[in-house]
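Hello,

I am passing a structure on to you, and I hope you enjoy looking through it. Please open it first, and then read my notes underneath.

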Amino acid sequence: MVEMLKGIAASDGIAIAKAYMLIEPDMSFNKVTVEDSEGEVNRLADALSKATTELQAIREKAAESLGEEEAQVFDAHLMVLADPELVGSIESNVRDNKVNAEAALKEVTDMFISMFEGMEDNPYMQERAADIKDVTKRVMSHLLNVKLPNPSMINEEVIVVAHDLTPSDTAQLNRKYVKAFVTDIGGRTSHSAIMARSLEIPAIVGTKSITDTVVDGDMIIIDGLEGDVLVHPESSDVEKYNTKAQAFADQKAEWEKLKNEATVTADGKHIELAANIGTPKDLEGVKNNGGEAVGLYRTEFLYMDSPDFPTEDAQFEAYKAVLEGMNGKPVVVRTMDIGGDKELPYLTLPHEMNPFLGYRAIRICLAEPDMFRTQLRALLRASVFGPLRIMFPMIATLAEFRAAKALLLEEKAKLVSEGVAVSDEIQVGIMIEIPAAAVIADKFAKEVDFFSIGTNDLIQYTMASDRMNERVSYLYQPYNPSILRLIKNVIDASHAEGKWTGMCGEMAGDQTAVPLLMGLGLDEFSMSASSILKTRSLMKRLDTAKMTELAEKAINDCDTADEVVALVESYTK
Ligand SMILES: C=C(OP(=O)(O)O)C(=O)O
Ligand SMILES: [Mg+2]
């Protein structure tokens with residue numbers, strides 16, 4: 001029977017393939033007394049050998065698809081499996097205490113894990129704790145005879161089905177085989193959704209129950225344009241969606257023709273269409289989609305992809321690569337925005353009740369300035385390779401901006417005195433993503449060079465609605481007059497001081513929002529590269545004066561987001 005699930009359309013496109021369940025199986029077990037200790041020791045040996053064979057295969061595959069360096073993490077896992085001290089302790093536990101292999105494995109590995117995790121100033125041992133955790137899971141799965149997902153071993157076309165995907169899970173998906181993904185939780189602006197758009201694979205998030213509806217190998221259809229998932233489709237459904245996929249491909253081919261054109265409105269106004277990136281590798285997508293600038297480089301991915309804090313040189317190389325890669329076009333680099341759902345394994349942050357309201361981004365940078373200074377130095381050194389704009393995230397107060405800028409100027413002075421070349425043309429701006437900053441944008445506008453509105457957070461903080469929580473996702477209302485008024489306030493404040501305002505939240509690429517933002521006078525639109533060409537195509541059809549009238553009506557006459565949507569439709573059809 002065909003079953004239909006509705007989720008949040010997170011990334012465009014259509015995919016039809018088998019489901020690949022990326023979920024942890026149930027690994028619970030009971031501790032029992034076992035008389036036949038040798039039998040248990042043999043079961044353990046069997047599980048260890050199966051885990052070794054499996055890991056060797058995964059290692060080989062990872063070396064092939066991700067490279068030798070990435071594959072080395074599995075060497076550490078193989079070493080744990082072959083460690084005589086660890087294996088010997090588990091065997092003794094089985095024999096001495098007459099317990100089942102599962103209980104012995106857990107007891108011994110828990111002991112090693114807490115011992116290594118306790119060595120707080122020894123990151124090497126802390127990493128070993130993570131290795132032991134991973135390996136224990138694998139051996140346990142063989143003892144319990146359950147299957148662990150191995151996304152790196154996927155070698156046929158699939159749609160990944162998961163409860164949630166962390167940014168690092170998403171980064172590991174191989175685009176050759178993973179045709180789409182669908183999750184239980186998350187919203188349009190959660191980071192897995194944002195990454196799906198930069199990988200250009202269709203995605204649906206927040207279905208609430210996809211992992212309960214589908215089992216491994218079920219055929220499913222993902223309609224990332226509408227947010228629909230069809231489980232067990234009939235041949236007529238497959239035919240219908242194949243046709244829809246073809247129409248979408250044709251539409252994309254049409255947009256492709258605009259790749260080398262500038263973005264000019266129907267009345268001849270040029271607007272800058274920029275791209276959001278997470279790593280220098282994303283530049284390929286920016287070029288393929290005709291991006292005119294990088295409006296947001298989320299540098300935290302550089303930190304998340306690294307086993308320890310990236311060095312000044314490693315950061316310098318990444319920033320230089322992006323500036324050079326953009327060939328003289330502007331690049332806005334945002335200083336690191338760790339916290340919220342973006343964690344670093346090597347930076348122990350306090351457990352918080354509300355991480356999105358907690359110790360994150362600029363708050364960490366100002367409290368632990370050494371780490372921040374390293375990033376600023378790398379940026380300053382890279383500034384001679386192209387028009388660099390440095391942007392601070394999560395600024396709530398003028399004092400924070402002034403403190404961050406003071407650190408930047410201090411590092412600049414030091415570099416200059418060391419004889420290092422630093423550009424004098426660097427613009428320094430802030431993200432407007434906290435309502436407090438949006439409200440006093442006039443004050444900020446006197447001190448910054450530019451604003452970039454981060455609507456993903458601005459909307460969550462204005463509506464008091466967690467962007468990761470699908471239960472409150474109805475409050476993600478970019479067209480609500482409250483949000484539009486805040487945006488207008490920011491744009492007008494910047495223009496009054498001769499400064500510019502961009503937007504790098506997902507709203508900038510939202511086709512219903514674009515006419516409104518044009519009308520409000522937004523100067524730069526930065527979005528997932530995959531949204532650039534359709535936005536250029538839309539802007540070509542729109543007249544600035546008419547959009548100004550639309551925006552004024554939306555702000556002054558409309559009471560609700562729905563009324564605004566209807567108004568936009570009447571102005572753009
Ligand atoms: C662009 C933004 O930043 P991020 O999505 O990385 O929080 C935003 O908040 O809108
Ligand atoms: Mg943000």
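Below are my notes on the domains and on the surroundings of the ligand.

Please keep in mind that this is a predicted model.

Let me start with the domains. The domain assignment splits the protein into three parts: domain 1 covers 3-23 + 151-253, domain 2 covers 37-144, and domain 3 covers 257-572. You will see that domain 1 is written as two stretches, with domain 2 falling between them in the numbering.

Next, have a look at where domain 1 meets domain 3. Their C-alpha centres are 27 Å apart, and 17 residues of domain 1 make contact with 17 residues of domain 3. On the domain 1 side, α6 (167-171) and α7 (191-199) each contribute at least two residues. The top contributor there is α7, with four residues. Sorted by class, this side of domain 1 holds eight polar, five charged and four nonpolar residues.

Now to ligand 1. Which residues are around ligand 1? They are Thr189, Leu296, Arg298, Asp337, Glu433, Gly454, Thr455, Asn456, Asp457, Cys504 and Gly505. Two elements, β10 (294-298) and α18 (455-463), give two or more residues each to this shell. Of the elements, α18 gives the most, with three residues. By class, the shell consists of five polar, four charged and two nonpolar residues.

If you would like a place to begin, try α7 for the contact between domains 1 and 3, and α18 for the shell around ligand 1.

Best wishes

Technical notes. Residues numbered from 1 in each chain as written. Chains lettered and ligands numbered in written order. Predicted model: local features only at pLDDT ≥ 70, side-chain atom pairs only at ≥ 80, totals over all residues. Domains from an automatic or database assignment. Contact = placed C-beta atoms within 7 Å. Nonpolar A, V, L, I, M, F, W, Y, C, P; charged D, E, K, R; others polar. Near = placed C-beta within 6 Å.
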